[in-house]
Amino acid sequence: MHFSTIIGLEVHVQLLTKTKIFCGCANRFNPRNPNVQTCPVCLGLPGSLPVMNREAFRLSLKTAMALNCQITRFTKWDRKQYYYPDLPKNYQISQYDLPFSSDGWLEIETESDGSSAFQTDSPLSASSKTKRVRLIRVHLEEDAGKNLHDESGQGADSQVDLNRAGTPLLEIVSQPDIRLPQQARAYLEELKLLLNYLAVSDCNMQEGSLRCDANVNLHVQTDDGEIIPTPIVEIKNLNSFRGVELALNYEIKRQIEQWKQTGQKLGDVEKETRGWDADREVTFAQRGKEEASDYRYFPDPDLVPVSVSEELIETICSEMCELPAARRCRFQLEFQLSNYDAMVIIGQGRIFADYYEQVANVCGDGKQAANWVTQDVLRELNDRQITIDEFPIRPPELSALLTKITGNEITTKSAREIFSELLVDMGNGDEGKEISGARIDQIIDQKDLGIVSDVGQLDAIIAVAMGRNKKAVADFCDGKQTAIGRIIGEVMREVKGADPKLVRKMIVDKIGS
Amino acid sequence: MVTAICRVGLPEKRLIGIMSVPLTRDDVQKVAMLARLKLSDAELDLFTNQLGQVLEYVKMLNEVDTDTDAIEPMVHVAELRNVFRDDELEKSLSRVESLANAPKTDGQFFLVPPIMEGT
Amino acid sequence: MSITGLTAAELLRRMEREELSCVEVTQAHLDAIDTHDQQIGAFLHVDADTALAQAEAIDRKRQSGESLGSLAGLPVAVKDMLCTKGQTTTCASRMLQRFVPPYDAHVITLLKQSDAVLIGKTNMDEFAMGSSTENSAFKITRTPWNRDCVAGGSSGGSAAAVAASMAPLAIGSDTGGSIRQPASFCGVVGLKPTYGRVSRYGLIAYASSLDQVGPFANDVHGAALLMQTIAGYDRRDSTSVNIDVPTFTKTIGKPLSELRIGIVREHFAEGLHVDVESAIQTTLDVYRSLGAKIRDIALPHSRYAVATYYLIASSEASSNLARYDGVHYGDRADQFDKMVDMYAASRGEGFGAEVKRRIMLGTYALSSGYYDAYYLKALKVRRLIQSDFDQAFQNVDVIASPVSPTPAFRVGKLVDDPLAMYLSDIYTISANLAGIPGISVPAGISSDGLPIGLQLLAAPFEEERLLRVAHMFERETEWHKQRVVLESN
């Protein structure tokens with residue numbers, strides 16, 4: 001018996017508009033100040049009416065186009081009806097049978113795969129595979145408010161905050177094309193990156209601006225080759241990428257056990273909804289609805305349909321930035337980066353990649369720039385818990401520094417020292433100030449870090465050092481190549497900016513003469 | 001301009017079939033649950049009877065052949081399209097105003113009986 | 001001569017000449033309410049102090065020579081379905097008996113800007129569901145012509161307030177005839193505008209694709225005056241149409257030459273009260289005498305209008321009224337078991353029988369397995385009904401018909417027979433389904449002494465033509481001048 005896993009993801013993303021989808025209240029995460037971003041419209045007060053936010057629709061179109069979706073030329077709004085205290089009208093304005101977009105896809109990098117149907121070889125890299133996850137639809141709807149439950153078990157009333165009610169929300173539904181939990185995670189990471197590039201959402205999972213539900217079941221292949229699908233389980237409210245991966249791993253094991261025990265097939269039981277307990281790392285059955293859901297969708301008579309013109313699509317197309325996949329590809333070609341480096345740089349988000357690109361362009365050595373930003377810069381960002389736009393060394397200064405290395409003015413080692421020195425400056429009450437190029441030259445002067453290629457000056461110092469280390473000279477003559485390291489070290493300590501290669505050559509020449 | 005804005009719908013014959021199933025007290029009970037209406041036994045009986053009469057009356061729509069051509073379902077009167085507002089901040093209500101009409105609050109939040117996840 | 005009972009135009013004239021102050025006019029109408037409304041039941045809330053304060057402010061403005069709005073000093077009664085900031089707005093429902101909106105409906109804002117005096121909020125069928133104003137949770141409104149008979153509905157309070165000279169003008173709303181039918185039952189003028197002509201912002205929704213706010217007045221000119229004040233585009237209502245609003249009062253006196261009036265044979269068939277039929281025939285003779293041509297037209301799908309209407313209106317209502325759940329506003333039941341029961345108990349207690357019936361019907365029509373057979377089918381028939389009107393208006397300027405098959409019926413007569421009540425809307429409902437404007441003008445008195453209305457319908461946004469045609473009739477007749485004489489309480 002062989003099991004393969006079938007996973008589809010439903011992602012909800014809050015859009016970065018100034019105001020809510022149907023009213024002029026602020027669209028802002030503000031849990032400390034409940035029920036202040038509220039008005040008759042988003043409170044669902046009697047008599048109030050919704051009017052669609054143009055920017056919310058534009059951001060939605062942009063996202064769907066970047067996700068390679070077909071844009072529906074005629075779209076409308078429907079009411080999805082269910083009772084819940086965070087839904088003030090007791091219906092959610094959403095899209096049912098005519099979503100504004102459908103049939104898209106997103107490519108992810110994947111190492112292995114249980115299927116081959118949607119797998120293509122990446123044009124760039126033989127080591128990794130590119131997998132295309134198809135999207136069923138992307139639609140626009142309003143977010144609900146937030147219910148806060150009494151966690152103490154005392155049975156106190158639940159609290160309802162409607163600050164979030166009416167936040168524009170995109171629902172992105174994938175086909176069940178995902179086969180492994182790590183692919184699910186890769187899909188979410190790639191999606192988040194894309195949304196970051198498009199600047200349509202801040203994708204903050206802690207604040208709930210990106211939320212994920214997963215549908216998962218098994219295809220059981222029996223020994224005689226028959227494939228039996230098992231009942232689909234929906235895991236709700238996964239609030240971290242790691243949580244998605246862990247929950248799916250757990251759920252797959254659980255479903256295999258369940259199959260072995262019950263032999264239940266798809267259709268035998270109703271679709272189950274399970275929650276994810278991040279502390280215990282288990283999924284748990286959520287209490288069933290008191291009735292089968294019947295959302296009674298129907299077209300919202302308060303909102304008129306939207307016709308999407310060719311011109312609008314062209315305008316959005318022309319405003320579209322370079323997307324992560326294309327940029328990854330270009331960086332590899334233009335800056336001779338490895339697939340890995342390109343992944344790391346692009347994966348840090350659009351502003352980080354912009355930073356890299358500026359440094360690489362100015363210093364002219366993309367590989368060196370990649371080493372510095374993926375190692376030195378990234379390490380500092382992690383240590384300091386800051387983002388690249390808060391990093392004090394800006395691209396002109398970093399490229400100035402790197403240019404001094406490529407121009408043989410300083411050594412890489414000195415450059416690291418200068419880099420640290422620049423950051424120390426920031427620790428001395430200069431936080432928030434950017435570092436100037438002049439400061440780099442100043443440090444080089446102060447610390448005497450300029451490469452010394454004055455042979456005369458070096459000659460005398462080498463002679464003294466050799467005189468102090470006669471044994472090392474003798475060992476070297478006996479064929480022990482590493483012995484002169486000690487002499488080089490002494491010279492370097494004496495002359496900070498000395499070029500180690502030059503020093504070594506001069507010592508070897510002296511011994512041989 | 002006419003554009004399909006609704007599901008096309010089932011063929012006429014099926015609809016007549018659906019409409020000819022009489023309404024039972026059980027159906028009314030289910031609908032009351034969906035609509036979150038607590039009805040007394042007397043109301044259930046009365047509504048089963050009255051709604052049954054209304055449904056019997058609306059069956060007359062079966063006389064109209066809506067299978068022919070594409071009859072565009074009429075959701076809106078005017079053929080308005082693309083009505084948007086600009087993404088500009090407007091004044092919200094204060095918290096006091098927002099909560100003013102609520103049956104139960106703690107001064108910060110609307111309060112409801114404890115809700116369990118998934119219910 | 002008494003102040004109450006004057007037309008809006010006459011009151012404006014006298015206030016402009018400073019023969020009357022706005023305070024005097026307001027006080028006279030407040031007195032009329034005080035004296036007569038116990039018998040009629042037109043008003044749910046009257047705030048005399050606020051009304052008089054508004055009136056004083058307008059008098060001061062006039063004295064200081066400031067420019068005044070088009071309704072300066074005219075008392076206007078408003079159906080309790082339009083939100084008024086800081087003033088209880090109940091929709092005649094127990095559910096909203098304590099609801100105080102934090103905002104004004106667009107129409108209320110326009111009335112305030114035009115210096116009208118908001119004299120009170122009027123009774124109605126709960127959430128506008130009904131044809132008699134017997135479905136109010138608070139009281140029944142009776143036609144001033146005979147207190148054993150209903151005022152019609154759902155805007156019965158507004159119609160009765162004008163008929164009983166408690167306000168020269170009133171605002172109502174019309175979803176299936178709720179302005180025209182009570183206007184007819186109370187012997188006043190009532191206009192239902194084209195859908196999209198008047199903003200619905202702040203009008204508590206019954207059936208969103210059908211609801212429209214409109215004026216009542218004691219003559220056609222008053223209706224035109226109020227109409228031009230409340231009409232116009234509003235960016236807060238997505239279904240509001242951005243089209244110029246003519247100054248109806250300027251053109252109202254111009255008769256239409258070569259007027260073509262359409263009539264539908266089936267409208268004069270079974271079920272039509274003999275007095276209503278003869279009154280309508282007489283009005284047609286009046287138009288003939290003015291040179292109009294009366295033509296037969298066909299509206300083949302209008303016989304399906306009632307069925308279509310009740311499916312669509314109830315479906316939308318079931319959704320629009322879902323928000324009344326005892327969480328964010330409205331009344332919460334005292335006794336319940338957990339969350340779901342709190343909803344059901346609050347709604348079960350808060351809504352009256354007719355509201356529950358329509359919520360049930362609409363929920364059923366939208367539910368899984370029934371949507372296509374009921375709701376979707378009704379939407380298609382609605383399209384056919386609209387097409388019938390499109391074709392008809394190729395050949396005629398207006399369509400004339402009765403407003404209601406009978407004059408005002410007796411209180412209690414139809415309450416236990418919802419279907420019969422629904423069928424009384426047969427002449428008015430099609431106009432809402434098609435979204436076209438319609439007017440009811442007084443056109444006779446029955447042998448029992450009850451008023452009879454004539455309905456005129458026109459093509460979308462042809463309110464100007466409608467008002468001119470109505471005015472042609474009005475100036476040839478005296479029906480609109482009849483005032484009910486009421487004894488004091």
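Biologist: In this predicted model, what is the order of the 3 strands in the open sheet that includes E2(B)?
Modeller: The pairing in this open sheet is antiparallel. Its edge strands, each paired on one side only, are strand E10 (146–148) of chain A and strand E2 (110–112) of chain B. The order is therefore read from one edge to the other, where strands count as paired if at least two bridges are found between them. For this sheet it is E10(A)-E11(A)-E2(B).

Biologist: By how many degrees are neighbouring strands of this sheet turned against each other on average?
Modeller: The sheet in question is the open one of 3 strands with the order E10(A)-E11(A)-E2(B). With direction ignored, the average turn between its neighbouring strands is 30 degrees.

Biologist: How many bridges join E11(A) to E2(B)?
Modeller: Strand E11 covers residues 158–161 of chain A, and it runs antiparallel to E2(B). Ser158(A) has Val112(B) as its bridge partner, while Gln159(A) is bridged to Leu111(B). The number of bridges between the two strands is 3.

Biologist: Which element gives the most to the side of chain A that touches chain B?
Modeller: In this contact, 47 residues of chain A meet 37 residues of chain B. Elements of chain A that each supply at least two residues include strand E2 (52–53), helix H1 (54–66) and strand E16 (272–277). By class, this side of chain A has 20 nonpolar, 16 polar and 11 charged residues. The element that gives the most, with 4 residues, is E11(A).

Biologist: Is Phe109(B) buried or exposed?
Modeller: Phe109(B) lies in the loop between helix H4 (95–99) and E2 of chain B. Its contacts, not counting residues up to four places away in sequence, are Pro34(A), Asn35(A), Gln159(A), Val160(A) and Asp161(A). Because a residue needs 20 or more other C-beta atoms within 10 Å for this class, the 23 C-beta neighbours of Phe109(B) make it count as buried.

Biologist: How far apart in space are Phe109(B) and Asp27(B)?
Modeller: In sequence, 82 residues separate Phe109(B) from Asp27(B). In space, taken from C-alpha to C-alpha, the distance is 37 Å.

Biologist: In what order do the elements of chain B run from the N terminus on?
Modeller: Chain B has 119 residues, of which 32% count as buried. Its secondary structure comes to 4 helices and 2 strands. From the N terminus on, these elements run α-α-α-β-α-β.

Biologist: Which helix gives the largest share of the side of chain C that touches chain B?
Modeller: The contact takes 57 residues from chain C and 50 residues from chain B. The elements of chain C that give two or more residues are helices H10 (305–320), H11 (338–350), H12 (353–366), H13 (372–395) and H14 (418–423). By class, this side of chain C has 29 nonpolar, 15 polar and 13 charged residues. The largest share, 12 residues, comes from H13(C).

Biologist: Which element gives the most to the largest nonpolar core?
Modeller: The largest nonpolar core has 268 residues, and those with the most contacts inside it are Ala214(A) and Val76(C). Among the residues that Val76(C) touches are Leu111(C), Val117(C), Ile119(C) and Leu169(C). The element that gives the most to this core, with 11 residues, is H13(C).

Biologist: What is the handedness of the crossing of H7(A) and H9(A)?
Modeller: Helix H7 (residues 350–363) and helix H9 (residues 395–406) of chain A pack with their axes 8 Å apart, at an angle of about 40 degrees. The residues that meet include Tyr355(A) and Val359(A) in H7(A), and Leu398(A) and Leu402(A) in H9(A). By class, the contact has 8 nonpolar, 4 polar and no charged residues. The crossing is right-handed.

Biologist: Which residue is the bridge partner of Asp78(A) in E18(A)?
Modeller: Another open sheet, with antiparallel pairing, has 3 strands of chain A in the order E6-E5-E18. Its edge strands are E6 (91–94) and E18 (298–299). Strand E5 (residues 78–81) pairs with E18(A) over 2 bridges. In E18(A), the bridge partner of Asp78(A) is Pro299(A).

Note on methods
Residues are numbered from 1 along each chain as its sequence is written. Chains are lettered from A and ligands numbered from 1 in the order in which they are written. This is a predicted model: local features need pLDDT of at least 70, side-chain atom pairs count only at pLDDT 80 or more; totals for chains, interfaces and linings use all residues. Two residues are in contact if their C-beta atoms, placed from the backbone, lie within 7 Å. Ala, Val, Leu, Ile, Met, Phe, Trp, Tyr, Cys and Pro count as nonpolar, Asp, Glu, Lys and Arg as charged, and the others, Gly among them, as polar. A nonpolar core is a set of buried Ala, Val, Leu, Ile, Met, Phe, Trp, Tyr and Cys residues joined through C-beta atoms within 7 Å. A residue is buried if 20 or more other C-beta atoms lie within 10 Å of its own, exposed if 12 or fewer, and partly exposed in between; C-beta atoms are placed from the backbone. Axes are lines fitted to C-alpha atoms, for helices over the stretch in contact, and angles run from 0 to 180 degrees between N-to-C directions. A crossing is left-handed if the near helix is turned anticlockwise from the far one by less than a right angle, and right-handed if clockwise.
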